Amino acid sequence: MTITEIDKAEAYRYMGGRGEPDGEVYRKLCECEKMLLPALTPRYRYEVFDISVTDDGVMLSGGVLLKGKDIISHLDGCERAVVMCVTAGQKADTLIRTLEISDMAAAAMTDCLASAAAEQICEKAEREIFSVVKTKYRTTRFSPGYGDLPLAVQPQLLKLCDAERKIGLHVTDTLLLTPRKSVTAIIGISDKVKSGAADVVSCDNCAARENCMIRKNGGCCGNKKADKQ
Amino acid sequence: MEIKKLINSDDILIFDGGMGTRLQALGMAAGESPERLNLTDPELIERVHTEYIAAGARVITTNTFGANRHKLSRIQSTPDVIISAAVNIAKTAAEKSRADVFVALDIGPIGQLLEPAGTLSFEEAYDIFAEQVKAGEKAGADLIIAETFSDLYEMKALLLAVKENSSLPVICSMSYEESGRTFEGCPPEAQILLCEGLGADALGVNCSLGPNELMPVIEKLCALSHLPVIVQPNAGLPDPLTGKYNVSAADFAAAMIKAAELGAGIMGGCCGTTPEYIEELVKVISGKKRTPREIAPLSAVCSGTNVCIVDRPRIVGERINPTGKKLLKQALKDGDTGYILNQAVEQMSAGADILDVNVGLPDIDEKAVMVRTIKALQGICPLPLQIDSPDPSVLEAALRAYNGKPIVNSVNGEEKSLSAVLPLVKKYGAAVIGLTLDENGIPKTAAERVDIARRIVDRALSLGIPREDIYIDCLTLTASAEQAAAGETLNALNTVKKELGVRTVLGVSNISFGLPKRELVNHIFLALALENGLDLAIINPNSELMSGTVRAFKLLKNIDKNCTEYIEAYSEDAAEKPAEKQVVSVEYAISKGLADTASELTERLITDTEPMEIINEKLIPALDKVGADFERGKIFLPQLILSASAASACFDVIKRELSKSGGGISKGKIVLATVKGDIHDIGKNIVKVLLENYGYTVIDLGRDVDYEAVVDAAIKHDVKLVGLSALMTTTLKSMEETIKLLRAKKPDCKIVVGGAVLTEDYAMKIGADFYSKDAKQTVDVANMVFSEAEN
């Protein structure tokens, strides 16, 4: 998979900008994009599991329990779920670290561009996954940290996808994904036409609610980026 | 037969195939830990070993891929328990088979990224591996195989742990992507340089891809490595839906013949391979001898991701050396790593191939500073480093912490130096610079210097340091003092290169000491040295004339084919005609975030305006206006950051000017840190830029900072304000702990906290004095704290 252009308007929003980027900000975003694109090494892995609802959450047939009420309602009406792990790769992190030394503004912009790129990689990965996994209906992505789904499940999700070995995606003891521009997510799928609601995460159950730049500026990301910076 | 002999014999040595995927096929439950099965279902593990032995494997690999303390904590077990059980199972299988089979202790990556990408320290990684190695040797393993590594630094930790804690042979295998690099960006050449240097017994590649996709990497390893090459590919790639691998046993074996023809000497399989694959492999390989390989000597050094082959003149950047550099001295004293890193980035963009690192100052802990500097440098700069210190204990600490193969600067002809430095060079597999001086000083004549060079080379060779890793420095003397000496240096250089067959290195700037127009003399001397065979030119790469001389030399000598490098370095100058710049004010440039313009205008202003006047009349008002616009929502964070960076560029100009007169502009010192366990520091760094704009001296401790380190810095610098940042809910705990410790040890200092998931309420709950929602507010907090303190 390759990314040839990054959504600069999205990156601008991650930075706390409103409207469209212009002037020096836009020029610099383009400059950063030029540096970042060759540093992206998009990789992803996924596995499909049967699911069953328990008292505490949703059980994956891989033996992992997704705890919480929100994941139950998100996967309501689904028989199976896709667990996917996505990363933009190590080089993007290194580039950002280097820029932090020489040009802080470029570092901040590249950081947000890399978040936007991770989002695009997720979209692309989803398209590729669902050209193989045939299903009538699917939910949006739901990630650890959304609502009451704990981050503590990260190591298990990575293990289910053998993500460490297959795409070089790790998690620290403090449950941060490394490389930093990475996403894990759960997508419910169903062969029946789904009746349940809740396939969009609202700000109400988002972990980033209090300090979200997009929300502060009157917007909403859909379910896109609660674990991004 | 001994296993060491088998590794090096003419016959191809056969390993087993995949363990994890085999266990899955035999019914291991999803989510089960394979390591636990050593305790709960030893018969199953033994069965897999027995199958592989029956298929013809001479070496079987224990079921211990993830048996490190970090991973085993999830199943409440320890390496000692799991490894001794696993080795015993394998030995039982081997004994029962009555074949001559050896048991390899399998060690996989720890499962956490090492610093700076992750939070695991190199030293801790070493400890984790040492524990496994000791347990394996105690349990009776015959050899160790480290496999599926993708970080060269982690491989180094493993190799050191093996070498210092056991006498077992060790095989180092890494996993490559189709790009020809590992996930962490390590190329095969770097694997070779590191593993050979640190004394591995064999090296190679496993997992990730099938044999055909891995062939380019196998080819490189076989062409360049002096060690036996191991190849253990997957059975192709898995089908995403069924998990079935797409290369059959027969096709796998056929592809492995190609690997054997390239020179691979040890073979087995990884994920998806089964006893059937090993059986097929044995069938096609049996009776075949290893393809003989001729390996040409290679002079090269590397970092974790970049290899510098010294087959042409290379530039060693000399700027990270405090001698005669006031700002760097100050930065070293203050622990300001940022300044040093900036020097590195600058030299890298100016065209340096290698960076010299010297942090020696009379009143600092050189060893600690050196290690810290090296770790910081390798986080941001991919260039190989040259470790520069006269103190062997500093050299050793640096050699341990370095990721890759460095150059040691330096050893000399004195017995004391030879016996202290060369064994370190050998142990850590470095290259070394030999200075042609001894207890009698620098000899006058070329012939005498060549004699010392010969002594150094002979001694190094006798210790097993290969000739291609030796770089002789014939020493530059000052032309104004000893005019004839320049010729002697060049003659010595020429002779050393021709007669001793080693590489050469020279620091050239000393030639012009005490003369006017130094660069003029320097670059001509450099050209002469290059013509006499200089390989490593230690120069200031930021000097256009100096790095340009090296580039022009390579062009004229037909080394830089098609003038590619030369044109690449200078084409932008020709192409980019600067557009007519509008005449604008510094204030305007800052408000629009035009860093270059702002800095140029400051340069102009400073010729006739007092520095403090520029700061107080122009920069601060401009920043205040930007800050006010930000608070009112007229501009947003991106514009604020750009403006802050533009103002920073102005301050850099002013600081340079002030340092000439010895003045300073600090309003006070503030310690900033991203808390333990957290590696997000963009936010903290934006705060830093803005605080510096307002005249504060920021002691930036970086990210993932220990509680104690924050407290120590706060006490050492006696600061009034500490700023802590945390981005994740999971690291807020660290923030709370840091605050507690600060309260106990430095109660008079105020604490401001910020970060994405933090709220005012929470900040107060964990005992902070201030919550700051953005960088601008942190400046307001600082202004308040420091003005109160004044009153």
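**Note on a predicted model: sheets, domains and cavities**

1. In chain B, strand β17 (residues 503-507) and strand β18 (residues 536-539) pair in the parallel sense, and three bridges join them. Within this pairing, V505(B) stands opposite L536(B), a residue of β18(B). The reader should keep in mind from the outset that the structure is a predicted model.

2. These two strands belong to a barrel in chain B, which eight strands close in the order β11-β12-β13-β14-β15-β16-β17-β18, with parallel pairing. From one strand to the next, the twist averages 30°. On the outer description of this sheet one helix may be added: α14 (residues 337-350) of chain B packs on the sheet and touches β11 (314-320) and β12 (354-357) of chain B, its direction making about 155° with that of β11(B).

3. Chain B also holds an open sheet of eight strands, again with parallel pairing, whose order is β1-β8-β7-β6-β5-β4-β3-β2. Its edge strands are β1 (13-14) and β2 (59-61) of chain B, each of which pairs on one side only. At the β2 edge, β2(B) pairs in the parallel sense with strand β3 (residues 102-107) of chain B over three bridges, and I60(B) has V103(B) as its bridge partner in β3(B).

4. Two helices of chain B can be placed against this open sheet. Helix α7 (residues 122-139) lies across β3 and β4 (143-149) of chain B, and runs at about 165° to β3(B). Helix α8 (residues 152-165) lies across β3, β4 and β5 (170-174) of chain B, and its direction is at about 170° to β5(B).

5. For orientation along the chain, the domain assignment divides chain B into domain 1 (3-285), domain 2 (300-305 + 313-575), domain 3 (578-664) and domain 4 (666-791). Between domain 2 of chain B and domain 3 of chain B, the C-alpha centres lie 37 Å apart.

6. How many cavities of 30 Å³ or more are there? The count comes to seven, and the largest cavity contains about 180 Å³ of space. Its lining comprises 18 residues, of which E164(A), H170(A), P109(B), T148(B) and S150(B) are the closest to the centre, so named from both chain A and chain B. By character, the lining residues of the largest cavity divide into five nonpolar, seven polar and six charged.

Note on methods:
Residues numbered from 1 in each chain as written. Chains lettered and ligands numbered in written order. Predicted model: local features only at pLDDT ≥ 70, side-chain atom pairs only at ≥ 80, totals over all residues. Heavy atoms only, no water. Pairing = 2+ DSSP bridges. Helix = DSSP H or I, 4+ residues; strand = E, 2+ residues; numbered from the N terminus. Contact = heavy atoms within 4.5 Å. Axes fitted to C-alpha atoms, helices over the stretch in contact; angles between N-to-C directions. Domains from an automatic or database assignment. 1 Å grid on protein atoms, 1.4 Å probe; cavity = no way out; pocket = protein on both sides within 12 Å on 5 of 7 lines; lining within 4 Å. Points joined across faces, edges and corners; volume = space filled by probe spheres on them. Nonpolar A, V, L, I, M, F, W, Y, C, P; charged D, E, K, R; others polar.
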